[in-house]
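These exercises practise reading a protein chain from its atoms. Work through each task before reading the solution below it.

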Amino acid sequence: MTVLGRTLKLRLYPNTIQATQLSAMSQEYQRLANLTSQWVFDHDFPLSPLKINHALYQSFRRTSPLNSQMIQSVFRTVVARYKTVLAQMKQHPYRYQDEHGKWVQTSEDLTWLFKPIHFSRPQADLVRNSNYSFVNDSTEVSLTTLEKRIKMSFTIKGFEQYFQNGWKLGTARLVHSQGKWTLHIGITKKVADFAVGKQNQVVGIDRGLCFLATTYDRLGKTLFFSGQKILLKRKKFLENRRRLQSKGTKSAKKKLKQLARRENRWMTDVNHRLSKTLVAAYGPHTLFVLEDLTNITFNTDDLPKSLRNSHRSWSFFQLESFLTYKAQAIQSTVVKVSPAYTSQRCPKCGLIEKANRHHEIHEYHCHQCQYRSNDDRLGAMNIALLGQEWLSGDKNQKIKRITTTG
């Protein structure tokens with residue numbers, strides 16, 4: 001069984017007094033989180049809530065109005081944040097050039113941090129039934145505060161389905177942003193795993209900039225998802241960002257932060273819609289095959305100079321993440337394969353030749369068998385081939401270089 005995870009977002013409607021109580025609790029939670037983070041930093045990063053509990057619990061209970069359960073939540077929150085940072089460091093190792101000009105890659109750990117992780121915004125993690133619960137036939141939510149529990153109304157527009165159909169509610173996070181209070185609840189549900197069988201469909205997906213995704217399935221059909229409008233909008237964001245940066249005023253810096261949040265929301269929406277479209281197009285029992293793009297950069301010679309950094313800032317990993325969890329919900333799955341030679345191999349004769357791909361016209365032309373195709377489509381075809389090998393049992397599939405064929 002696969003455990004699906006989602007985040008249920010509730011908009012809360014506290015009155016003035018209740019809002020003050022929520023603010024006081026979240027600020028105290030933030031204060032203890034920063035104290036705990038400092039202790040973790042000063043004691044060689046012990047990422048065990050039990051060890052932190054032994055060191056800090058009694059002191060916090062004497063000096064803080066937070067209840068026992070909330071203090072335990074503080075410890076878990078800090079440990080989770082440090083583990084997230086550690087995972088991100090492992091995904092992006094440090095690269096540098098040695099004295100011979102050769103690029104060297106070394107892994108990072110938490111000892112590379114110059115200062116403790118800082119919790120800049122008030123927050124609070126609430127345990128279900130202990131710190132939050134639904135009352136009055138689920139029309140109100142009851143929350144813990146520094147004084148007594150309070151009840152308030154809420155809305156869950158677009159998330160009603162998650163209150164039924166087997167979803168299990170977990171820990172919630174109280175968030176205050178732009179004058180609005182929301183409760184982000186982690187929810188889980190068990191579904192059947194992807195099963196390998198004859199009915200499986202394999203879809204190779206080539207990701208890029210001119211085409212956000214190009215797919216190739218077992219029937220030989222190809223879908224292109226153009227990225228031209230995306231590139232134009234990114235150019236507008238870039239121009240606005242440069243204009244504000246050149247001003248350097250306090251109001252300009254504030255608008256820069258607003259612009260960054262707006263761009264991130266837009267980027268997330270694009271990736272959500274694209275992943276949803278892919279899952280809907282191919283349905284259950286599909287093996288979606290992606291290239292492992294870790295530390296990979298794209299050729300941007302065919303893009304305007306102003307957009308040649310787009311491959312570094314576009315969230316390809318986010319699309320991969322969204323596609324993975326949406327696929328799991330319908331008994332499909334996502335696998336990653338080596339990107340080596342997927343854009344250079346001829347799918348007809350097997351010849352691998354870099355010169356056969358012409359970036360400027362987006363065409364692949366094999367000079368040996370004269371096969372022609374769009375270069376992104378060809379990449380998707382080779383990725384789908386590796387997916388077929390994965391289904392056959394080869395979990396370490398990789399295209400091997402062949403320069404001539406008989």
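**Exercise 1. Decide whether Asp217 is buried or exposed, and find what surrounds Asp217.**

Step 1. At 6% relative accessibility, Asp217 counts as buried, because buried means under 20% relative accessible area, exposed means over 50%, and partly exposed lies in between (1.4 Å probe, protein chains only).

Step 2. The place of Asp217 is the loop between strand S11 (211-216) and strand S12 (222-226). Helices (H or I, at least four residues) and strands (E, at least two) are DSSP runs, numbered from the N terminus.

Step 3. Leaving aside neighbours within four places in sequence, Asp217 is in contact with Gln201, Val202, Val203 and Tyr282; contact means heavy atoms within 4.5 Å.

A note on the source: this is a predicted model, where local features need pLDDT of at least 70 and side-chain atom pairs count only at pLDDT 80 or more, while totals for chains, interfaces and linings use all residues. Residues are numbered from 1 along each chain as its sequence is written, and side-chain values use heavy atoms, with hydrogens and water left out.

**Exercise 2. Describe the chain as a whole.**

Step 1. Count the elements: the chain has eight helices and 17 strands.

Step 2. Take the extent along the principal axes: the C-alpha atoms fill a box of roughly 80 × 55 × 40 Å.

Step 3. Look at burial: 42% of the 406 residues count as buried.

Step 4. Among contacts with a separation of 6 or more, 64% come from residues 24 or more positions apart.

**Exercise 3. Describe how H4 and H5 pack.**

Step 1. Two packed helices are described by the angle between their axes and the distance between the axes. For helix H4 (residues 228-247) and helix H5 (residues 250-282), the angle is about 165° and the axes are 9 Å apart. Axes are lines fitted to C-alpha atoms, for helices over the stretch in contact, and angles run from 0 to 180 degrees between N-to-C directions.

Step 2. H4 and H5 are therefore roughly antiparallel; angles under 35 degrees count as roughly parallel, over 145 as roughly antiparallel, 65 to 115 as roughly perpendicular and the rest as oblique.

Step 3. List the contact: H4 contributes residues including Phe237 and Leu244, and H5 contributes residues including Leu259 and Trp266.

**Exercise 4. Identify the nonpolar cores.**

Step 1. A nonpolar core is a set of buried Ala, Val, Leu, Ile, Met, Phe, Trp, Tyr and Cys residues joined through side-chain atoms within 4.5 Å.

Step 2. The largest core has 50 residues, of which Leu12, Leu143, Leu183 and Ile185 touch the most other members. Helix H3 (residues 68-91) gives the most to this core, with ten residues.

Step 3. Another core, of 24 residues, lies apart from the largest one, and Leu212, Ala252, Met267 and Val334 are among its members.

**Exercise 5. Which value does phi take in Gln331 and in His362?**

Step 1. Most residues other than glycine have a negative phi, and most peptide bonds are trans.

Step 2. Phi of Gln331 is near 60°, a positive value. Gln331 lies in the loop between helix H7 (316-328) and strand S14 (333-337), and is partly exposed at a relative accessible area of 23%.

Step 3. Phi of His362 is near 55°, again positive. His362 sits in the loop between strand S15 (357-358) and strand S16 (363-365), and is partly exposed with a relative accessible area of 23%.
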